Each structure stands twice: as C-alpha cells, then as structure tokens.
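Me: Please examine one loop position in this model closely, and set it in the context of the surrounding core and sheet.

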Amino acid sequence: IKSENILFLNRVRIKDVIEKNTLVEDYSVFRLYPSSLNIIINKTNFLAVTEKDGNIFLLGSNGKMTLSDEINHNLPFIFGDFNIENFFELKNAMDESNFDFKNVKNLFFFKSGRWDIETKKGYLIRLPNKGLKKSLKTFISFFEMNNTKEIKEIDLRQNNQIITNE
C-alpha cells in the first residue's frame, strides 16, 4: 500500500487488512491529500478467556477470539463448547438486568444451551435455557432480600422457583 497512489487505493483491500486483526474493535480511514491516509483504530476490550483445541483464547467485545499464550486471571474463564452468539446473549442479559459482569469468576456452557455462573464470592447460579434476563433479575432480587451467607448454589432452572443449596 505504501507505494500505491492514494487516488487508486482499493477500499476493500484496506478494509480486509484491518478487519483480519482480531484486536480491532472499530476503525475509520480518511484520505489526507495529496499522499497520506489517516487510520484511527480502537482496540477491543477482552471479556473472557476460553480454551479450544489446547489453545488459550481471549474473547473480545468485537466477537473475535485472539490467541493468547497465558490466562488472564482478571477475566472470567468460559468452560464448554459454546458459540460466540451464546456468550453475547448471556452478556447482554447480564447488562440489561444490572448483573455486574466484573463479579463473574467462571462461566459454564452446557450442550443443552444453558449457562451456569460462578461468582467471585463463591455463588453458583444455575440458569435456564430461556429467560436469562428474568432469571438474573430474580437472582438479584433474591440476593438483596435474603441473608445469603450460607447459600452457595442458586438454581433458577425451574419456572417460578428458586432452589438453594448450602
């Protein structure tokens, strides 16, 4: 690209080069005549860590997986064979229900399509396949109204029921 005329640059080629990079959240490209390009790139935020085929990956807010050589212990670890859409469905439900994602230690995805959440305080929250936002709001309400020091597991898989284990 360096030796090409700025007037004849292929936009698709530039777009492909930038979007191949898994660290790019979004970008903008401006032509500065007579001979320069101004490219502004915003880096993605890493949300979680997972392992696939023996390799460690960081999952970015851009929906892309970035190969990593170490586990970042500040991010939640995702266990199970999930797809990215499943994760973002859960993440959006957490955001909409005011469940603080920073409190998540581990996420467990099951083949049935449901999630379990392990918090940094040691709670295990078992979620149903559907109605994630409602279930998370139920958990938050339950947590605020009850003394939960002895409770370690909260099962929300049954409709209109909360099952707890100490």
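Reply: In this predicted model, Ser97 lies in the loop that joins H2 and S7. Its relative accessibility is 5%, and Ser97 therefore counts as buried, the cut-off being under 20%. The side chain of Ser97 reaches the backbone oxygen of Met94 at a distance of 3.3 Å. Apart from neighbours within four places in sequence, Ser97 is in contact with Lys133, Leu136, Lys137 and Ile140.

Met94 leads from this loop into the nonpolar core. Leaving out residues up to four places away in sequence, Met94 touches Phe99, Phe101, Val104, Leu107, Ile117 and Leu136. Leu136 is thus a contact of Met94 and also of Ser97.

The largest nonpolar core has 27 residues, and Met94 is among those that touch the most other members, together with Phe87, Phe99, Leu107, Trp115, Ile117 and Leu127. Two or more residues of this core come from each of strand S3 (46–52), helix H2 (84–96), strand S7 (104–109), strand S8 (115–119) and helix H3 (132–145). A second, separate core of 5 residues includes Val49, Ile56, Leu75 and Phe77.

Strands S3, S7 and S8 also belong to an open sheet of 9 strands, ordered S5-S4-S3-S6-S7-S8-S9-S10-S11 with mixed pairing. Its edges are strand S5 (65–68) and strand S11 (163–165), each of which pairs on one side only. From one strand to the next, the twist averages 25°. Within the sheet, strand S6 (residues 77–79) pairs with S7 in the parallel sense over 3 bridges. Ile78 stands opposite Leu107 in S7, and Leu107 is in turn one of the residues touched by Met94.

Notes
Residues numbered from 1 in each chain as written. Predicted model: local features only at pLDDT ≥ 70, side-chain atom pairs only at ≥ 80, totals over all residues. Heavy atoms only, no water. Core = buried A, V, L, I, M, F, W, Y, C linked by side-chain atoms within 4.5 Å. Buried < 20%, exposed > 50% of the residue type's maximum accessible area, 1.4 Å probe, protein only. Helix = DSSP H or I, 4+ residues; strand = E, 2+ residues; numbered from the N terminus. Contact = heavy atoms within 4.5 Å. Pairing = 2+ DSSP bridges. Axes fitted to C-alpha atoms, helices over the stretch in contact; angles between N-to-C directions. Polar contact = N/O pair within 3.5 Å; in protein donor to acceptor, adjacent residues only side chain to side chain.
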